[in-house]
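Me: Could you take a close look at one part of this model for me, the spot where a charged side chain and a ring come together? Then follow the charges outward from there, and keep it plain.

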Amino acid sequence: MTHGPYTHVSMSIDPGQRPRIGISFYASITWARARVLESGRPYLVLESDEADVTVSTTGAGPVTAEDLEIARQIFNAAARYLADCERIHADHAQVTDTAA
């Protein structure tokens with residue numbers, strides 16, 4: 001079974017609730033970058049051919065303690081994702097080499 005790349009976008013609107021949008025990348029992220037604007041506001045961008053996701057400070061304002069906590073969570077989650085990808089890739093390469 002081959003797995004072609006795709007991006008899944010969903011939106012739910014429930015009475016009395018704020019709308020919720022979900023974006024799932026099942027495609028190659030073409031860019032993952034972080035920068036600081038001239039105004040001093042940091043931001044993180046994940047881009048694919050189909051969608052972009054930007055993360056920045058609360059209300060596009062100064063960095064808050066909550067912004068720092070979210071940045072730490074993103075960092076830790078990305079480190080875990082990298083470690084899992086490296087492990088699974090190495091396991092797959094080992095199985096492929098053994099089968100050859």
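Reply: The charged end of Arg-33 sits over the ring of Trp-31, 5.5 Å from the ring's centre. To count as sitting over a ring, NZ of Lys or CZ of Arg has to be within 6 Å of the ring centre and within 35 degrees of the ring normal. Keep in mind that this is a predicted model, where local features need pLDDT of at least 70 and side-chain atom pairs count only at pLDDT 80 or more, while totals for chains, interfaces and linings use all residues. Residues are numbered from 1 along each chain as its sequence is written, and side-chain values use heavy atoms, with hydrogens and water left out.

Arg-33 has a second partner: its side chain meets that of Glu-47 in a salt bridge, 2.8 Å from N to O. (A salt bridge here is a side-chain nitrogen of Lys or Arg within 4 Å of a carboxyl oxygen of Asp or Glu.) That pair ties together distant parts of the chain, with Arg-33 in strand 3 (residues 31-36) and Glu-47 in strand 4 (residues 42-47), 14 residues apart. Helices (H or I, at least four residues) and strands (E, at least two) are DSSP runs, numbered from the N terminus.

How covered are the two ends? Glu-47 is buried, at 15% relative accessible area, and Arg-33 is partly exposed, at 24%. The cut-offs are under 20% for buried, over 50% for exposed and partly exposed in between, using a 1.4 Å probe and protein chains only.

The structure holds three salt bridges, so let's go to the helix for the rest. Asp-84 meets Arg-80 at 3.1 Å, N to O, and also meets Arg-87 at 3.6 Å. Asp-84 and Arg-80 both lie in helix 1 (residues 65-99), four residues apart, or about one turn of the helix. Asp-84 and Arg-87 are three residues apart in helix 1, so about one helical turn separates them too. Together, Arg-80, Asp-84 and Arg-87 are linked in a network of salt bridges. In this trio Arg-80 is exposed, at 55%, whereas Asp-84 is partly exposed at 23% and Arg-87 is partly exposed at 44%.

For the setting, the elements of the protein chain run β-β-β-β-β-α from the N terminus. The C-alpha atoms fill a box of roughly 55 × 35 × 25 Å along the principal axes, and of the 100 residues, 10% count as buried.
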